[in-house]
Amino acid sequence: MGKLTSHEAAKRVRGLADKGDALCRDVFRVQAHALGLFFDEMVNTFDPDALIVGGGALEASEEFQKWFMDEIRVGMPNQREEQAGIPIYVIPNGDTAGARGAAIEALKLAGKAGLCRCAGS
């Protein structure tokens, strides 16, 4: 077997974490806690109605997704009462979620500007 690319290695670690491997879970726990701290800053800065997590890290079982989302909450410092229950959602489409969302918005803008007969026109 040849050398793994970084993408292949990441998928392998995610797969092992999904199966319960302790070391690989620790890798994702650190990532989840860092996201929790980042989300805390976003909540305090923007006061959003919801938080969304996507990307290849969550192309895993529902059990792993739930565990990961719970770990994000563990990583978040205590929130004010009105912020404590902010929902965190998993966005579908893994690594392509951002590109798909941008493409949908571009189509809407192009339709509104009369550049095409597409969504949002």
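**Helices, salt bridges and surface features of the predicted model**

Glutamate 105 and lysine 108 lie three residues apart in helix α5 (residues 97–112), so about one helical turn separates them. An α-helix has 3.6 residues a turn, so residues three or four places apart point the same way. The side chains of glutamate 105 and lysine 108 meet in a salt bridge, at 3.3 Å from N to O. Glutamate 105 counts as partly exposed, because its relative accessibility is 42%. Lysine 108 is also partly exposed, at 32%. The model described here is predicted.

The structure holds six salt bridges in total. Side chains of opposite charge can pair when their charged atoms come close. One of the six pairs is formed by glutamate 59 and arginine 14, whose closest N and O atoms are 3.9 Å apart. This pair links distant parts of the chain. Glutamate 59 sits in the loop between β1 and α3, arginine 14 in helix α1, and their positions lie 45 residues apart in the numbering. Glutamate 59 is partly exposed, with a relative accessible area of 42%. Arginine 14 has a relative accessible area of 11%; buried means under 20%, so arginine 14 is buried.

A further salt bridge joins the side chains of arginine 29 and glutamate 71, at 3.5 Å from N to O. Here too the pair links distant parts of the chain: arginine 29 belongs to helix α2, glutamate 71 to helix α3, and they are 42 residues apart. Arginine 29 is partly exposed, at 27% relative accessibility. Glutamate 71 is buried, at 12% relative accessible area. Asp26 joins Arg29 and Glu71 in a network of salt bridges.

Helix α3 covers residues 62–75. Its 14 residues should span 20 Å at 1.5 Å a residue, and its end C-alpha atoms are 20 Å apart, so the two values agree. The buried residues of α3 are Phe64, Gln65, Trp67, Phe68, Met69, Glu71, Ile72 and Gly75. They pack against two helices, α1 (6–18) and α2, and against two strands, β1 and β2 (88–90).

Helix α1 has 13 residues. From its first C-alpha to its last it reaches 18 Å, close to the 18 Å expected at 1.5 Å a residue. Just after α1, glycine 20 takes a positive phi of about 100 degrees.

A positive phi also occurs at aspartate 47, a residue other than glycine, with a value near 50 degrees. Most residues other than glycine have a negative phi. Aspartate 47 lies in the loop between α2 (22–46) and β1 (51–53). The relative accessible area of aspartate 47 is 52%; exposed means over 50%, so aspartate 47 is exposed.

On the surface, Ile52, Tyr89 and Ile91 form a nonpolar patch. Together these residues have about 300 Å² of accessible area. Tyrosine 89, one of the patch residues, lies in strand β2. At 48% relative accessibility, tyrosine 89 counts as partly exposed.

How values were computed: Residues are numbered from 1 along each chain as its sequence is written. This is a predicted model: local features need pLDDT of at least 70, side-chain atom pairs count only at pLDDT 80 or more; totals for chains, interfaces and linings use all residues. Side-chain values use heavy atoms; hydrogens and water are left out. Helices (H or I, at least four residues) and strands (E, at least two) are DSSP runs, numbered from the N terminus. Buried means under 20% relative accessible area, exposed over 50%, partly exposed in between (1.4 Å probe, protein chains only). The expected span of a helix is 1.5 Å times one less than its number of residues. Contact means heavy atoms within 4.5 Å. Patches are made of residues with over 30% relative accessible area and no salt bridge: like charges are joined within 9 Å, nonpolar side chains (Val, Leu, Ile, Met, Phe, Trp, Tyr) within 5 Å. Accessible areas come from the Shrake-Rupley method with a 1.4 Å probe; for residues, only the protein chains shown count as cover. A salt bridge is a side-chain nitrogen of Lys or Arg within 4 Å of a carboxyl oxygen of Asp or Glu.
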